[in-house]
Amino acid sequence: GMELGVIVLCLLPLRALLRRKVPRLFTYLLWAALPVNVGYNLIRFLIPKRDTIILDYVGKTATIVVDENVLQVFKWIWCFGTVLVVSGMTYTYIRFLRCLVGSIRLQKDVYLAARIRSPFTLGVFRPRIYLPTSLKEEYYEAVVLHERVHIARRDVWMKYLAVAFLGLFWFQPVLWFAYRMFINDMEEACDETVLRRKGKEYCAEYARTLVEVSFQAGQVRGVAIGYGNGEVKARVEQVMRYERAKTSVKVVAVVICCLFMVLSIPISWQVPRLVRAEWQEKGITGSMAVQETGLEKEVKYGLEEIE
């Protein structure tokens with residue numbers, strides 16, 4: 001989790017700089033550096049590094065001894081925290097499902113539910129948009145357009161991935177702060193896409209819908225994607241000063257995002273890898289997979305001589 005914290009600390013000032021000039025889609029894409037880093041780490045960890053240890057003892061045998069050097073209590077605390085976070089999200093998801101019992105289908109992917117207060121999108125493989133029956137019909141269009149952009153971009157998958165990150169690295173406070181920023185960028189990027197499709201003349205109506213829905217219903221917590229989530233004031237201000245970005249600005253933003261993702265990979269170089277330790281003695285060869293010593297010194301391996 002340490003390397004993810006470093007990436008976030010580097011990402012936040014770059015994000016603040018980009019937010020002044022480029023569309024929110026590119027600050028949203030910056031967050032892809034985190035799963036890229038974790039994916040690289042995982043591949044590097046699973047591909048063993050081959051180290052050969054050759055022994056030549058006369059009249060003795062040798063074996064590999066694995067010495068676990070990490071206090072078990074920390075492992076249990078980590079597991080407990082992960083279970084706690086995942087259980088909380090699961091409980092929230094079940095509560096959502098209970099509130100959706102008896103929903104009425106309005107369109108192919110839009111449903112009306114009497115037991116919810118705010119519109120949101122829920123579901124992984126077949127996400128659906130749920131509107132509260134208390135929502136005025138004049139707000140349906142803006143809300144549905146916004147939520148369909150989320151579905152088209154697979155933002156539901158991205159939010160579940162972000163929740164998984166929090167579950168695994170719950171002990172990293174920087175990631176909890178980054179999660180809030182991630183949600184803001186997701187929502188603002190979605191707002192801009194709606195305005196790009198509808199035109200600048202739609203800004204006032206869209207901002208009014210955002211204010212009214214957020215004021216009446218509040219934000220949706222947990223795994224669902226809520227229409228009124230994020231910093232509503234910042235979203236409204238962004239909507240009202242919306243302008244189409246120039247192509248040159250977009251090209252520069254793409255280059256910056258790609259460079260940041262590439263430069264975030266070297267942070268993974270010090271993560272311990274699996275080591276394939278081999279030994280030979282009197283024509284007999286053996287091998288064992290252990291983890292090399294690194295910054296975290298989780299496992300070390302050595303030789304034990306046996307008379």
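How many of the 307 residues of the protein chain count as buried? The share is 43%. Good morning, colleagues. The structure above is a predicted model, and I shall take you through it from the overall fold to single residues.

Let me begin with the chain as a whole. Its secondary structure comes to 10 helices and 10 strands. If we take the contacts with a separation of 6 or more, 71% of them join residues that are 24 or more positions apart.

I turn now to the interior. In soluble globular proteins, nonpolar side chains tend to be buried together. Here the largest nonpolar core has 44 residues, and the members that touch the most other members are W31, F120 and L122. Which helix gives this core its largest share? That is helix α7, residues 173-198, with eight residues. A further core of 25 residues lies apart from this one, and its members include L112, A142, A207 and Y227.

F120 deserves a closer look. Setting aside residues up to four places away in sequence, F120 touches F96, L100, R128, I129, Y130, E147, V220, A224, I225 and G226. One of these, Y130, will return in a moment.

The next topic is the aromatic residues. The structure holds 11 aromatic pairs. One of them joins Y28 and F182, whose ring centres are 5.7 Å apart; with 40° between the planes, the pair is tilted. Y28 sits in helix α2, residues 24-30, and F182 in helix α7, so that the pair links parts of the chain 154 residues apart. Are these two residues, Y28 and F182, buried or exposed? Both are buried.

A second tilted pair is formed by F120 and Y130, at 5.8 Å centre to centre and again with 40° between the planes. Because F120 belongs to strand β5, residues 120-122, and Y130 to strand β6, residues 128-132, this pair ties together parts that are 10 residues apart in sequence. F120 and Y130 are both buried as well.

There is also an aromatic cluster, made up of W78, F165, F169, W170 and F171. A charged residue takes part elsewhere: K198 lies over the face of Y202, at 5.1 Å from the ring centre.

From that cluster I select F165, which is placed in helix α6. Why does F165 count as buried? Its relative accessible area is 12%, and the cut-off for buried is under 20%. Beyond its neighbours within four places in sequence, F165 is in contact with L4, L34, P35, V38 and W170. For L34 the separation from F165 is 131 residues in sequence, yet 9.1 Å in space, C-alpha to C-alpha.

Helix α6 brings us to its packing against α7. The two helices pack at an angle of about 175°, and their axes are 10 Å apart. Because of that angle, α6 is roughly antiparallel to α7, the cut-off being over 145 degrees. On the α6 side, the contact is made by D155, M158, K159, A162, V163 and L166. On the α7 side, it is made by L175, W176, Y179, F182, I183 and M186. F182, in this contact, is the partner of Y28 in the tilted pair described earlier.

Another residue of helix α7 is T193. With a relative accessible area of 2%, T193 is buried. T193 touches V149 and R153, again not counting residues up to four places away in sequence.

I close with two loop residues. V124 is found in the loop between β5 and β6. Its relative accessibility is 25%, so V124 counts as partly exposed. Which residues does V124 touch, not counting those up to four places away in sequence? They are V156, W157 and Y160. V124 and W157 are 33 residues apart in sequence, and their C-alpha atoms are 6.7 Å apart in space.

The other is R154, in the loop between α5, residues 140-152, and α6, residues 155-168. R154 has a positive phi of about 60°, although it is not a glycine. At 51% relative accessibility, R154 counts as exposed, since the cut-off for exposed is over 50%.

Thank you for your attention.

Methods. Residues are numbered from 1 along each chain as its sequence is written. This is a predicted model: local features need pLDDT of at least 70, side-chain atom pairs count only at pLDDT 80 or more; totals for chains, interfaces and linings use all residues. Side-chain values use heavy atoms; hydrogens and water are left out. Helices (H or I, at least four residues) and strands (E, at least two) are DSSP runs, numbered from the N terminus. Buried means under 20% relative accessible area, exposed over 50%, partly exposed in between (1.4 Å probe, protein chains only). A nonpolar core is a set of buried Ala, Val, Leu, Ile, Met, Phe, Trp, Tyr and Cys residues joined through side-chain atoms within 4.5 Å. Contact means heavy atoms within 4.5 Å. Rings of Phe, Tyr and Trp (its six-membered ring) pair if their centres lie within 6.5 Å; planes under 30 degrees apart count as stacked, over 60 as edge-to-face and the rest as tilted. A charge sits over a ring if NZ of Lys or CZ of Arg is within 6 Å of the ring centre and within 35 degrees of the ring normal. Axes are lines fitted to C-alpha atoms, for helices over the stretch in contact, and angles run from 0 to 180 degrees between N-to-C directions. Angles under 35 degrees count as roughly parallel, over 145 as roughly antiparallel, 65 to 115 as roughly perpendicular and the rest as oblique.
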